[in-house]
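User: Could you take a close look at one part of this model for me? I'd like to start with the cysteines and then move on to what packs around them.

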Amino acid sequence: MMTIKELENKWNTIDPYTNGYLLISGEHPLSFHIGYYGGEQKSFVVINTGKIDGIKSSKAITAECLNTGSHNFIFRFVLNYASLDEIFVKLCWDLIESSKSSQNPVKQIQNQYDKWMNLLQKATEDILPPSQQKGLIGELLFLQETLNILEPAQTINAWVGPDGNDQDFIFEHSWAEVKAVTIAATEVQISSLQQLDRLDAGYLIVYFLDKTTSIGTQTTSLPIVIQQIQEQLPNDFLRDCFHCKLTQYGYLFKDENKYLSIRYHLSECRKYKVIGDFPKLIRNNVSHAIVNAKYQLSLIAIEDSRVWGD
């Protein structure tokens, strides 16, 4: 099993100007090659995929299906900006690993690539804006708490928010939506009609966080909580899966020092059970004329749904 770092190192052994490609398939049912396109742009190629229609490119990556003759097709990804190298290498690793045990690996590659498209369409060299940093810290704090209860693989697989799911975490018998609000907040925003729309019981997790300049036991930053989670993961594969999800969220490790100086004070965490008559707007209880909606929930009004140690 190849790690993200090993894949990156293999790329670094290739001379960009020889137009040579390196086979990296291993025991995978598909044939993968890495190299460079046009001298300097990283390129990832899947051989003999058959004809694939409807492929979408982004400003970060050009994706295309090419006919190499005699009805042989390849699926090629080319990185357009060297500054987004970290995203590209992790994307390619994820495409390989996620399709390894699939009965239809080409379709799985397409599906997994689509999950990355949200990031690829808006990828920039800037760090995450404050609201997203805060939201990510909330999700990571909950992931860290869950690692103390469930197996690491179950926990990492349950974190589906970065994949574009409506809820942040989906477990075998429950789910969780995580919010991060200011310490003085009396309301929490629900961002869509789908966010709390599930038949099974779940939880609304609310972390109360504010930016701070102090350093103490109740303060943290993104790199600190990420490092703590990495130490809880038992192997390189799970750490790489975790890194891919962080990258899908928009967090890049090359910006670690920038994030390290942005600290947050954690005041408390509240947990609310979402079941039965919990107040929520969902598709079935609003007019079909309403396409989407955001709304505020009063934390005081849902206090009866608050759980302790559940």
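How many disulfides does the structure hold?

Analyst: Zero disulfides, going by this predicted model. Take cysteine 65: it is in no disulfide, and the nearest cysteine sulfur, in cysteine 92, sits 16 Å away. Cysteine 244 has its closest cysteine sulfur in cysteine 241, but the two sulfurs are 6.6 Å apart, and that's too far for a bond because a disulfide needs them within 2.5 Å. Cysteine 244 is also buried, with 1% relative accessibility.

Now for the packing. Cysteine 92 turns up again here, as one of the residues touched by tryptophan 11. Leaving aside residues up to four places away in sequence, that tryptophan also touches Ile34, Gly35, Tyr36, Lys42, Ser43, Phe44, Phe88 and Val89. Trp11 belongs to the largest nonpolar core, a set of 74 residues, and is listed with Phe44, Phe77 and Leu140 as having the most contacts inside it. Helix H2, residues 85-99, gives this core its largest share, eight residues. There's a second, separate core as well: 16 residues, including Val181, Leu204, Phe278 and Leu299.

One last spot to check is asparagine 48, in the loop between strand E3 (41-47) and strand E4 (61-69). Its phi is positive, about 55 degrees, although asparagine 48 is not a glycine. Unlike buried cysteine 244, asparagine 48 counts as exposed, because its relative accessibility is 52% and the cut-off is over 50%.

Conventions:
Residues are numbered from 1 along each chain as its sequence is written. This is a predicted model: local features need pLDDT of at least 70, side-chain atom pairs count only at pLDDT 80 or more; totals for chains, interfaces and linings use all residues. Side-chain values use heavy atoms; hydrogens and water are left out. Helices (H or I, at least four residues) and strands (E, at least two) are DSSP runs, numbered from the N terminus. Buried means under 20% relative accessible area, exposed over 50%, partly exposed in between (1.4 Å probe, protein chains only). A nonpolar core is a set of buried Ala, Val, Leu, Ile, Met, Phe, Trp, Tyr and Cys residues joined through side-chain atoms within 4.5 Å. Contact means heavy atoms within 4.5 Å.
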